[in-house]
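Reader: Got a minute to go through this one with me? Let's start with how the helices pack.

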Amino acid sequence: MVVKEFLRDLKVGLVSLGNMFDPDILLLGGAVSQGLRPYLAEIQSWVKERSFPAVGEHMVIDFTYFSNNSGAIGAAPCGAIPGIAGACDIALASGVAPPA
């Protein structure tokens, strides 16, 4: 029962994100996403059916390549590149990627 409720809430959230931002791809990561692998086809079809047609026809839902380590790998340049630390602080606080 808990898994069904979680999946329903996740799918509704993904439809909302897709309709708001019209992304080409939505990547799911973190430890929780590892348990979602058996449900990926169900999630993709549900989200595609309920998204705006212009969004659902091209949006792909998949898992991050590095799973639970994706956040750490993405944040690593913030400490390694001189002069970018301030931009990373702002980006991490706002959820926006730092400038390249």
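**Helix packing**

Author: H1 and H3 are oblique to each other, because their angle falls outside the classes under 35 degrees (roughly parallel), over 145 (roughly antiparallel) and 65 to 115 (roughly perpendicular). This is a predicted model, where local features need pLDDT of at least 70, side-chain atom pairs count only at pLDDT 80 or more, and totals for chains, interfaces and linings use all residues. Residues are numbered from 1 along each chain as its sequence is written, and side-chain values use heavy atoms, with hydrogens and water left out.

Reader: At roughly what angle do the axes of H1 and H3 cross?

Author: Roughly 45°. The axes, lines fitted to C-alpha atoms over the stretch in contact, come within 9 Å. H1 covers residues 2–21 and H3 residues 40–50. Helices here are DSSP runs of H or I with at least four residues; strands are E runs of at least two.

Reader: Which residues of H1 and H3 meet?

Author: From H1, Leu7, Leu10, Lys11, Val12, Leu14, Val15 and Asn19. They meet Glu42, Ile43, Trp46, Val47 and Arg50 of H3. Contact means heavy atoms within 4.5 Å.

Reader: How do the residues of that contact divide?

Author: Eight nonpolar, one polar and three charged.

Reader: New topic. How many helices and strands are in the chain?

Author: Six helices and two strands. The pattern along the sequence is α-β-α-α-α-β-α-α.

Reader: And what share of the chain is buried?

Author: 26% of the 100 residues. Buried means under 20% relative accessible area, with a 1.4 Å probe and protein chains only.

Note on methods. Axes fitted to C-alpha atoms, helices over the stretch in contact; angles between N-to-C directions. Nonpolar A, V, L, I, M, F, W, Y, C, P; charged D, E, K, R; others polar. Buried < 20%, exposed > 50% of the residue type's maximum accessible area, 1.4 Å probe, protein only.
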